[in-house]
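Me: I would like to learn how to read a structure residue by residue and then domain by domain. Could we work through one together?

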Amino acid sequence: MPKQETSLLVNIGQLLTLRSPAAKPGPRRGPDLKELGIIKDAAVLCLGGKIVSVGTTKDALRDSWVKNTIKKNRKQITEVDCSGKVVLPGFVDSHTHPVFTTPRLIDFEKRITGASYEQIAAAGGGIRASIAGVRNATVADLASHVTHALEQMAAHGTTTVEAKSGYGLTLESELKSLRAIREAASKWPGTVVATLLGAHTVPKEFQGCSQKYVEIVCREMIPRATRERLAQFVDVFCEKVAFSPQETEQIFVAAESNGLAVRAHVGQLSETALEPLLRFNPASFDHLDYASDGDILQLAKHDTVATLVPGVNYFLGIKQYADARRLVDAGVPVALATDYNPGTSPTTSMPMAMSLACTQMKLAPSEAIAAATLNGAWALRLAGRKGSIEAGKDADLAIFDADDYREIPYWFGVNRCVMTVMNGRVVSRK
Ligand code: NIG
Ligand code: FE
């Protein structure tokens with residue numbers, strides 16, 4: 001990886017800092033979700049992979065410390081004239097499944113002719129259709145697929161990615177998937193957080209004896225992934241077609257006793273009772289198309305982030321989206337993610353997820369931006385380093401060809417991101 005650069009971005013039309021409105025701890029909730037902390041005609045100085053100064057261009061160029069730092073680093077400094085464009089924290093895509101080998105085009109066509117997600121899965125499609133490809137692949141094959149996805153994500157403004165295993169479903173192929181994530185992450189300038197999703201679905205070999213598979217997840221996969229430092233989180237698909245709430249608790253107990261944090265796919269196809277899972281302090285609950293009033297009330301009292309993934313509803317043609325307004329207005333911290341995967345959301349574009357959140361879920365553009373940055377960082381327990389543009393945080397920025405931040409979700413289906421800065425490294429698209 002090249003040495004971290006010193007960079008000075010000037011003449012930023014709108015800098016969305018996402019700095020805290022009133023030193024409130026925890027993820028953004030309710031009306032605070034809209035607060036973008038905008039500075040006009042702004043400048044940002046990055047040094048050693050960190051943001052070191054944020055303010056107006058005029059003030060930055062007058063500040064003696066900034067002037068000295070620029071002088072000292074004159075030879076290696078990358079000066080970027082943002083000529084009135086929008087700069088915001090790089091997106092934090094806190095839910096992706098990038099370790100797969102082939103798109104699921106048969107499922108795609110079947111759905112167009114009316115088959116449901118459950119019907120396709122029952123006929124051998126769905127998650128199980130992605131397993132053979134992963135089991136037969138080498139770490140290097142899988143890593144090249146992950147690298148390709150990471151590069152596409154960065155091209156759309158994403159600088160931090162959560163990446164799950166989950167299409168191998170044997171001890172060895174889940175570990176292989178996590179190693180592929182590690183290999184791809186080591187070559188990418190952005191930040192990757194790995195999640196073990198051994199409990200994605202019950203593999204065919206364990207049909208009718210899911211408990212045996214859950215034991216492999218708990219007794220073999222979680223301890224090995226922990227010992228080899230391959231994952232920071234354990235995820236479970238808690239759903240009628242996958243793992244029961246009891247099995248989810250069992251897996252969470254194993255994660256906890258190995259020192260790994262947890263997150264879960266919940267309420268995607270039917271309601272999941274969330275209260276019993278809250279005692280494990282999950283970093284996030286993802287999907288939440290179905291959620292009871294009682295659980296929403298509970299979530300509003302916790303820092304567990306509700307991660308919404310509208311790309312899934314769009315791609316599966318499900319007209320009913322998660323009720324983002326109800327969640328935000330109740331005080332639940334909401335994040336947005338792509339859920340990049342071959343079955344339900346083959347997109348690497350956070351701006352597309354944001355556009356759907358605005359048009360289909362009725363989030364304001366400002367809310368969608370905070371959900372895709374700062375609250376995504378909370379969902380990965382990285383908010384101390386990521387998600388806002390403040391001195392001391394990692395130098396992760398996205399530069400968009402736009403005069404106004406609302407254009408980011410407005411121009412859908414095209415990519416307006418022209419540059420990213422990832423841990424201080426400037427990566428230009430044009
Ligand atoms: O988040 N719900 C479980 N996992 C994915 C779907 C994975 C697949 O269909 O391959 C999701 O939607
Ligand atoms: Fe998912």
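Me: Which side chain joins that of Ser388 in a polar contact of 2.8 Å?

Reply: This is a predicted model, and in it the side chain of Ser388 is joined to that of Lys393 by a polar contact of 2.8 Å. A further polar contact, of 2.5 Å, links the side chains of Ser388 and Glu390.

Me: Where is Ser388 found, and is Ser388 buried or exposed?

Reply: Ser388 is found in the loop between α16 (374-379) and β14. Ser388 counts as buried because its relative accessibility is 2%, and the cut-off for that class is under 20%. Not counting residues up to four places away in sequence, Ser388 touches Thr17, Leu18, Arg19, Ile51, Pro89, Leu374 and Lys393.

Me: Leu18 appears among those residues that Ser388 touches; what is the value of phi for Leu18?

Reply: The general idea is that most residues other than glycine have a negative phi. In this model, phi of Leu18 is near 60°, a positive value in a residue other than glycine. Leu18 lies in the loop between β1 (6-16) and β2 (38-47), and with a relative accessible area of 1% it is buried.

Me: Which value does phi take in Leu169, and where is Leu169 found?

Reply: Phi of Leu169 is near 60°, which is again a positive value in a residue other than glycine. Leu169 is found in the loop between β7 and α7 (171-187), and it counts as buried because its relative accessibility is 1%.

Me: Turning to strand β7 itself, is Lys164 buried or exposed, and which side chains make polar contacts with the side chain of Lys164?

Reply: Lys164 is found in strand β7, which covers residues 158-164, and at 0% relative accessibility Lys164 counts as buried. Its side chain makes a polar contact of 2.9 Å with the side chain of Glu162, while a polar contact of 2.7 Å joins the side chains of Lys164 and Asp235. Leaving aside neighbours within four places in sequence, the residues in contact with Lys164 include His95, His97, Arg263 and His265, together with Asp235.

Me: How should I read burial for a whole element, and how many residues of helix α15 are buried?

Reply: One can take the residues of the element in turn and ask which of them fall under the 20% cut-off. Helix α15 (residues 365-372) is mostly covered, with 7 of its 8 residues buried; these are Ser366, Glu367, Ala368, Ile369, Ala370, Ala371 and Ala372.

Me: Ala371 is also in contact with Val334; where does Val334 lie?

Reply: Val334 lies in strand β13 (residues 334-336) and counts as buried because its relative accessibility is 1%. Besides Ala371, its contacts outside the four nearest places in sequence include Arg28, Leu33, Val305, Leu327 and Asn375. For a sense of distance, the C-alpha atoms of Val334 and Val217, which are 117 residues apart along the chain, are separated by 29 Å.

Me: What are the domains of the chain, and how far apart are their centres?

Reply: The domain assignment gives domain 1 (6-89 + 388-428) and domain 2 (91-379). Their centres, taken over C-alpha atoms, are separated by 29 Å.

Me: How is the size of an interface often given, and what area do domain 1 and domain 2 bury between them?

Reply: The size of an interface is often given as the accessible area lost when the parts come together. Here domain 1 and domain 2 bury about 2,700 Å² between them, 67% of it on carbon and sulfur atoms, with 32 residues of domain 1 in contact with 37 residues of domain 2.

Me: How many salt bridges does the rule find across that interface, and which elements give two or more residues to the side of domain 1?

Reply: Across the interface of domain 1 and domain 2 the rule finds 2 salt bridges, and the count of residue pairs in polar contact between the two domains is 10. The elements giving two or more residues to the side of domain 1 that touches domain 2 are β5 (86-89), β14 (397-400), α17 (407-410), β15 (417-422) and β16 (425-428). Of these, β15 gives the most, with 4 residues. By class, that side of domain 1 has 18 nonpolar, 7 polar and 7 charged residues.

Me: Glu367 was listed among the buried residues of α15; with which residue does Glu367 form a salt bridge?

Reply: Glu367 forms a salt bridge with Lys34, and the closest N and O atoms of the pair are 3.7 Å apart.

Definitions and conventions. Residues numbered from 1 in each chain as written. Chains lettered and ligands numbered in written order. Predicted model: local features only at pLDDT ≥ 70, side-chain atom pairs only at ≥ 80, totals over all residues. Heavy atoms only, no water. Domains from an automatic or database assignment. Contact = heavy atoms within 4.5 Å. Buried area = accessible area lost by both parts, 1.4 Å probe. Salt bridge = Lys/Arg side-chain N within 4 Å of Asp/Glu carboxyl O. Polar contact = N/O pair within 3.5 Å; in protein donor to acceptor, adjacent residues only side chain to side chain. Nonpolar A, V, L, I, M, F, W, Y, C, P; charged D, E, K, R; others polar. Buried < 20%, exposed > 50% of the residue type's maximum accessible area, 1.4 Å probe, protein only.
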